[in-house]
Amino acid sequence: PPPPFIPPPEVQVQPQVQPQNTISAVTNQKPENPTFTKAAPPAPPAAETKATGPVSVAPVIDFNVGGCKPEYPRASLRNEETGITTLAVLIGADGTVADVKIEKSSGFRGLDNAVRSQLLSGACKNKPGTVDGKPQQSWTKVQYVWKLD
């Protein structure tokens, strides 16, 4: 025979009360009446205007160069795990990886740790970021796509 029917418990849900807009301060002073004038059109930019701030170029990580591509973890291969790992990577002035933080997981710890370990191993030679042409230590974001071939 089928199990006896047990009705689900009734749950009372309180409706959210929206606060009403109220006047919190009152004054007897009249606001000043601003006078509006028509502004002259902006002057065209000078032809020889130079940038005043430093010129920055972001660092570049290429997983397809120099043995930088991480090896697919065997357990992840067996389980057919795929996903995208988003990382924040600190690239030193010499192009080496100084730090790696996982910004968004692929959903599988093995995949995330494999790409993080590969970047930290020193096997990757990256292009450092520059400020005014000089290499500088800087952060960049990179996504690594794990897909089965």
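The side chains of Asp94 and Thr96 are joined by a polar contact of 2.8 Å. A polar contact here is a pair of N or O atoms within 3.5 Å; within protein, one atom must be able to donate a hydrogen and the other to accept it, and residues adjacent in sequence count only if both atoms are side-chain atoms. The model is predicted: local features need pLDDT of at least 70, side-chain atom pairs count only at pLDDT 80 or more, and totals for chains, interfaces and linings use all residues. Residues are numbered from 1 along each chain as its sequence is written, and side-chain values use heavy atoms, with hydrogens and water left out.

Asp94 sits in the loop between strand 2 (83-91) and strand 3 (97-104). Helices (H or I, at least four residues) and strands (E, at least two) are DSSP runs, numbered from the N terminus. Asp94 counts as partly exposed because its relative accessibility is 48%; buried means under 20% relative accessible area, exposed over 50%, and partly exposed in between, with a 1.4 Å probe and protein chains only. In the same hairpin of strand 2 and strand 3, which has five residues between the strands, Gly95 takes a positive phi near 95 degrees. Asn126 is 32 residues from Asp94 in sequence, with 8.3 Å between their C-alpha atoms.

The two strands of this hairpin belong to an open sheet of three strands, ordered 3-2-6, with antiparallel pairing. Strand 3 and strand 6 (138-146) are at the edges with a single partner strand each, so one side of each is left without a neighbour in the sheet. On average, neighbouring strands of this sheet are turned by 30 degrees against each other, direction ignored. Two strands count as paired if DSSP finds at least two bridges between them. Strand 2 is joined to strand 3 by six bridges and pairs with strand 6 over nine. Leu87 has Ile102 as its bridge partner in strand 3, while Ile91 stands opposite Ser138 in strand 6. Eight of the nine residues of strand 2 are buried.

Helix 2 (residues 109-120) packs on this sheet and touches strand 2, strand 3 and strand 6. Contact means heavy atoms within 4.5 Å. The direction of helix 2 makes about 160 degrees with that of strand 3; axes are lines fitted to C-alpha atoms, for helices over the stretch in contact, and angles run from 0 to 180 degrees between N-to-C directions.

Another open sheet of three strands has the order 1-4-5, also with antiparallel pairing. Its edges are strand 1 (56-57) and strand 5 (134-136), each with a single partner strand, so one side of each is left without a neighbour in the sheet. Strand 1 pairs with strand 4 (residues 129-131) over two bridges, and Ser56 stands opposite Val131 in strand 4.

The protein as a whole has two helices and six strands, running β-α-β-β-α-β-β-β from the N terminus on. Of its 149 residues, 26% are buried. Among contacts with a separation of 6 or more, 72% come from residues 24 or more positions apart.
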